[in-house]
Amino acid sequence: MSAPVIQGWCPGALRPMMSGDGLVVRIRPPVGRLTAAQARGIADFAQRHGNGLIDLSSRANLQLRGVTAASYPALIEGLRTLGLIDASVGAEARRNILVTPFWRAGDDTQCLAQDLAAALAREDLPLPGKFGFAVDCGPVAVLRGSSADIRLERCADGALVLVADGATSGTRVSREDAVPQALALAEWFLATGGVSDGRGRMARHLAANPHLLGDTPLTDATPAPAKPGLVDQGWLTGFAFGQMQSATLAALADLGDLRLTPWRMLLIEGLHCAPALPGLISQADDPMLRVVACTGAPGCPQALGPTRGLARALAERVPVGRTLHVAGCAKGCAHPGPADYTLVALPLGYAAGRQAKAADPSPYPSLTAEELIARPGLIFENPDAS
């Protein structure tokens with residue numbers, strides 16, 4: 001069995017990635033937000049130029065699926081009219097910015113994100129494909145569980161603090177210096193050997209090359225992803241496996257402007273009740289929130305088996321407060337970190353794990369999907385049972 005191919009980069013709009021159902025075209029909404037008009041346009045283009053399926057990514061992006069080589073040029077022109085296309089492939093790749101969805105008008109979040117995006121477009125920094133920034137300037141940090149290498153947060157007295165991922169403290173920065181200092185930290189990462197063979201992450205580089213940023217302690221952060229329901233900014237809604245039909249996005253756009261989240265959910269601005277639309281996850285205790293699964297076979301050419309049907313069948317059996325990750329291969333794209341329970345597709349079944357990443361070896365015999373559905377205790381209760 002050959003190992004899965006690790007690309008080392010994420011798809012974009014100008015650099016799509018081929019999958020089992022066609023090109024995956026990833027849209028990086030400016031400052032993590034779509035106007036209602038932009039969302040309606042994306043829904044229309046997803047239906048006309050793709051297969052109508054739209055994924056939400058863990059980097060708070062949208063992915064259109066099923067795009068063909070013939071339909072791709074018209075899609076890009078359409079997205080350009082909506083202001084969703086960068087000037088170049090390089091500028092698009094560098095604009096890897098997570099923005100807290102819980103920002104408030106006047107709290108500097110949107111301005112900082114816009115200034116950072118503009119600066120990254122100007123500066124031709126040769127950053128690795130997955131190197132990213134987080135603008136997490138609300139009263140409580142909510143993005144620490146999401147992938148980012150350089151973070152802007154607030155310390156206890158409300159001042160801005162610049163944080164290198166993996167550090168336990170940060171450096172106070174002014175509103176005017178925040179973006180230049182963030183870029184200077186990125187330049188330090190490059191200058192001190194943070195990149196090897198086109199790849200590199202800040203936390204790993206800091207562990208090998210300690211770099212004192214300052215003595216400002218970090219505030220407590222929200223320990224887990226937000227749940228669907230009412231928040232101060234509107235209504236947060238989820239989707240099974242972070243995927244929706246184009247018609248769903250169009251219907252949500254009729255309810256308000258949308259904020260993207262790294263939890264594969266959308267925040268509908270100003271909405272005070274659950275949207276009356278099919279296929280949404282609007283309750284915090286929905287069992288589908290306990291399962292994570294990638295596209296799997298046949299949608300992904302690297303997947304060794306299907307994933308989402310099995311995850312859906314097991315969702316209600318996952319213990320409350322725990323997470324099951326069903327991965328099509330050892331890459332574990334949908335959930336890179338450890339999960340309470342993990343199932344990884346093999347040519348003839350699934351490898352089971354506990355508190356494991358998809359790439360971790362399994363100490364248990366492989367199981368078929370039929371065995372797991374008939375006897376879920378094989379993974380959730382006693383994986384040594386036979």
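Which residues of helix 7 are buried? I began my notebook with this one, and I looked up the conventions before the answer.

**Conventions.** I am working on a predicted model, in which local features need pLDDT of at least 70 and side-chain atom pairs count only at pLDDT 80 or more, while totals for chains, interfaces and linings use all residues. Residues are numbered from 1 along each chain as its sequence is written, and side-chain values use heavy atoms, with hydrogens and water left out.

**Helix 7.** I found Ser 246, Thr 248, Leu 249, Leu 252 and Ala 253 buried in helix 7, where buried means under 20% relative accessible area, exposed over 50% and partly exposed in between, with a 1.4 Å probe and protein chains only. These residues cover an arc of only 160 degrees around the axis, which puts them on the same side of helix 7; the arc is that of the directions from the helix axis to the C-beta atoms. I took helices (H or I, at least four residues) and strands (E, at least two) as DSSP runs, numbered from the N terminus. Helix 7 (residues 246-253) lies across strand 4 and strand 14, and runs at about 85 degrees to strand 14. For such angles, axes are lines fitted to C-alpha atoms, for helices over the stretch in contact, and the values run from 0 to 180 degrees between N-to-C directions; contact means heavy atoms within 4.5 Å.

**The five-stranded sheet.** I next traced the sheet that holds strand 4 and strand 14, an open one of 5 strands in the order 1-2-5-4-14 with antiparallel pairing. Strand 1 (17-19) and strand 14 (243-245) stand at the edges with a single partner strand each, so one side of each is left without a neighbour in the sheet. Neighbouring strands of this sheet are turned by 30 degrees against each other on average, direction ignored. I count two strands as paired if DSSP finds at least two bridges between them. Strand 4 (residues 53-56) and strand 5 (residues 62-67) run antiparallel and are joined by 3 bridges, with Leu 56 opposite Leu 62 in strand 5. Helix 1 (residues 36-49) lies across strand 2 (22-27), strand 4 and strand 5, at about 20 degrees to strand 5.

**Nonpolar cores.** I then asked which residues of the largest nonpolar core touch the most other members. Of its 46 residues, these are Ile 42, Leu 62, Leu 64, Leu 79, Leu 249 and Leu 266, a nonpolar core being a set of buried Ala, Val, Leu, Ile, Met, Phe, Trp, Tyr and Cys residues joined through side-chain atoms within 4.5 Å. Helix 1 gives the largest share of this core, 6 residues. Not counting residues up to four places away in sequence, Leu 62 touches, among others, Val 25, Ile 42, Ile 54, Leu 56 and Leu 260. A second, separate core of 32 residues includes Leu 160, Leu 183, Leu 185 and Met 202.

**Strand 13.** I noted that 6 of the 6 residues of strand 13 (residues 234-239) are buried, so this strand is largely enclosed by the rest of the structure. Strand 12 (residues 229-231) leads into strand 13 by a hairpin through 2 residues, and the two pair in the antiparallel sense over 3 bridges, with Trp 235 the bridge partner of Leu 230. Strand 13 also pairs with strand 16 (residues 265-269), antiparallel over 5 bridges, and here Thr 237 stands opposite Leu 266. A further 2 bridges join strand 13 to strand 17 (residues 280-281), again antiparallel, and Phe 239 has Leu 280 as bridge partner there.

**The four-stranded sheet.** My last entry is an open sheet of 4 strands in the order 18-19-20-21, with mixed pairing. Its edge strands, strand 18 and strand 21 (349-356), each pair on one side only, and the twist averages 20 degrees from one strand to the next. Strand 18 (residues 291-293) and strand 19 pair in the parallel sense over 3 bridges, with Val 292 opposite His 325. From strand 19 (residues 324-327), Leu 324 and Val 326 point one way and His 325 and Ala 327 the other way, and all are buried. Strand 19 runs parallel to strand 20 (residues 339-346) with 4 bridges, whereas strand 20 and strand 21 pair in the antiparallel sense over 7 bridges, Leu 343 having Ala 352 as its bridge partner.
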